[in-house]
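Q: Could you walk me through this one before I go back to the bench? I'd like to start with the packing and then get to the cysteines.

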Amino acid sequence: PPLHEFLPHDDAGAAELARATGKSVERVKQRIADLHESNPMLGHRGCRLGISYPEITEMQSRAILEAACEVAEEGIDVKPEIMIPLVGHRKELENQERIVRAVAEQVFADKGRKVKYLVGTMIEVPRGALTADEIAKTAEFFSFGTNDLTQTTYGISRDDVGTVLASYKQKDIYDTDPFVSVDRSGVGELMKIAVAKGRSTRPNIKLGICGEHGGDPRSVEFCHEIGLDYVSCSPYRIPIARLAAGQAALKEAKGAKAATAKVATKAATARTATAKAASKVASKVAPVRAKARAALTNGKLAKRGQAASAKAAKVGRTVAPVAKSVAKSAMRAVSKAVKTARGPAKKSARGRARA
């Protein structure tokens with residue numbers, strides 16, 4: 001809340017504060033006037049206040065960490081999460097985180113013990129959601145402050161929304177009060193962007209929601225759908241929030257089961273179609289395959305014939321010279337025999353001639 005809400009607004013209160021601080025009444029009244037804001041919900045609050053007055057962040061951090069050390073000493077497991085509100089720029093968070101870390105070291109040194117703790121932020125302004133990847137470099141967790149995120153997204157003060165909603169609902173401009181149930185198409189889209197961008201930088205970042213939306217069943221279901229880890233709400237709304245979270249998980253499980261069955265049906269259909277296609281292809285391939293086999297057989301026979309012819313030709317080329325040589329030898333033998341036979345015949349003829 002803005003500072004001026006903590007200060008007195010009447011003369012008696014100003015006088016009491018003057019006595020407590022040792023300041024004059026005039027000085028106190030002047031300071032109250034200096035801190036007054038026309039639109040405090042969009043003014044000097046959240047991390048802006050800690051940047052202007054770092055001692056406030058130091059004081060709050062010290063209180064949290066000292067308490068954590070004390071209960072840890074009693075054997076209680078405690079892991080504080082220090083949340084810097086209303087961050088819209090990474091440098092705002094870096095500034096406040098340095099203060100928290102420095103105070104933590106001082107407290108741990110004083111207490112002689114350490115506790116694990118996280119430093120994160122509330123995503124409450126559109127710029128914080130749109131630059132969540134940069135902010136996640138420093139933030140170890142996000143908590144969506146949906147009350148302020150709705151206010152800053154719509155540009156409507158949640159304190160004055162009642163008069164606006166009356167006419168808007170009457171004219172069917174709004175179906176529901178956006179401060180009661182998360183506006184999925186507007187505020188919800190910013191949340192989705194922040195979730196995706198935050199996890200792109202820090203995959204294991206812890207994500208949750210803080211505000212009255214955390215007790216609305218439809219909002220809880222939406223938070224489950226976009227992958228938030230927890231919801232935070234007013235104590236009296238916790239039973240509703242837990243029931244809504246359980247119902248969202250069951251709905252998701254049923255949806256997953258139905259989707260699995262649908263995929264299985266599609267797979268079976270695909271297998272049947274594949275079998276039919278394979279059968280059709282096989283029926284067309286069989287004749288082609290038979291022709292190919294016949295052609296292959298004919299080809300093999302042709303190759304064998306060619307091989308035999310080649311072998312016969314080779315044998316022929318080998319035998320031909322031998323046969324020719326034998327023939328020549330036979331001719332020489334016949335020629336010699338003829339000559340031998342003609343010799344005695346000639347002598348006998350010459351003898352008869354002489355006689």
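A: What follows is a short conversation about helix packing, the nonpolar cores, two individual residues and the cysteines. Please keep in mind that this is a predicted model.

Q: Okay, at what angle do helix 4 and helix 5 pack?

A: Helix 4, residues 54-73, packs on helix 5 at an angle of about 40 degrees, and the two axes are 9 Å apart. Angles under 35 degrees would count as roughly parallel and those of 65 to 115 as roughly perpendicular, so helix 4 is oblique to helix 5.

Q: And is that crossing left-handed or right-handed?

A: The crossing of helix 4 and helix 5 is right-handed.

Q: Which residues meet there?

A: On the helix 4 side they include Pro 54, Ser 61, Leu 65 and Cys 69, and these belong to a set that meets residues of helix 5, among them Ile 99, Val 103, Val 107 and Phe 108.

Q: What about the largest nonpolar core, how many residues does it have?

A: That core has 40 residues, and Phe 108 is among those with the most contacts inside it, as are Ile 84, Tyr 117, Phe 142 and Met 191. Helix 5 gives the most to this core, with seven residues.

Q: Which residues does Phe 142 contact?

A: Leaving aside neighbours within four places in sequence, Phe 142 is in contact with a list of residues including Ile 123, Ile 135, Ala 194, Ile 205, Leu 207 and Tyr 230. There is also a second, separate core of five residues, which includes Ile 156, Val 161, Tyr 174 and Phe 179.

Q: Back to helix 5 for a second: is Leu 93 buried or exposed?

A: Leu 93, which is found in helix 5, counts as buried because its relative accessibility is 1%. Beyond four places in sequence, the residues that Leu 93 touches include Ile 84, Val 87, Ile 135 and Thr 138. Leu 93 and Thr 138 are 45 residues apart in sequence, yet their C-alpha atoms are 7.2 Å apart in space.

Q: Changing topic, where is Ser 181?

A: Ser 181 sits in the loop between helix 9 and helix 10, and at 6% relative accessibility this serine counts as buried. Ser 181 touches His 213, Asp 216, Arg 218 and Ser 219, not counting residues up to four places away in sequence.

Q: Now the cysteines: how many disulfides are there?

A: The count comes to zero.

Q: Why is Cys 210 not bonded to Cys 233?

A: The closest cysteine sulfur to that of Cys 210 is in Cys 233, and because the distance is 9.3 Å, it is too far for a bond. Cys 210 is partly exposed at 26% relative accessibility, whereas Cys 47 is buried, with a relative accessible area of 1%.

Technical notes:
Residues are numbered from 1 along each chain as its sequence is written. This is a predicted model: local features need pLDDT of at least 70, side-chain atom pairs count only at pLDDT 80 or more; totals for chains, interfaces and linings use all residues. Side-chain values use heavy atoms; hydrogens and water are left out. Helices (H or I, at least four residues) and strands (E, at least two) are DSSP runs, numbered from the N terminus. Buried means under 20% relative accessible area, exposed over 50%, partly exposed in between (1.4 Å probe, protein chains only). Contact means heavy atoms within 4.5 Å. A nonpolar core is a set of buried Ala, Val, Leu, Ile, Met, Phe, Trp, Tyr and Cys residues joined through side-chain atoms within 4.5 Å. A disulfide is a pair of cysteine sulfur atoms within 2.5 Å. Axes are lines fitted to C-alpha atoms, for helices over the stretch in contact, and angles run from 0 to 180 degrees between N-to-C directions. Angles under 35 degrees count as roughly parallel, over 145 as roughly antiparallel, 65 to 115 as roughly perpendicular and the rest as oblique. A crossing is left-handed if the near helix is turned anticlockwise from the far one by less than a right angle, and right-handed if clockwise.
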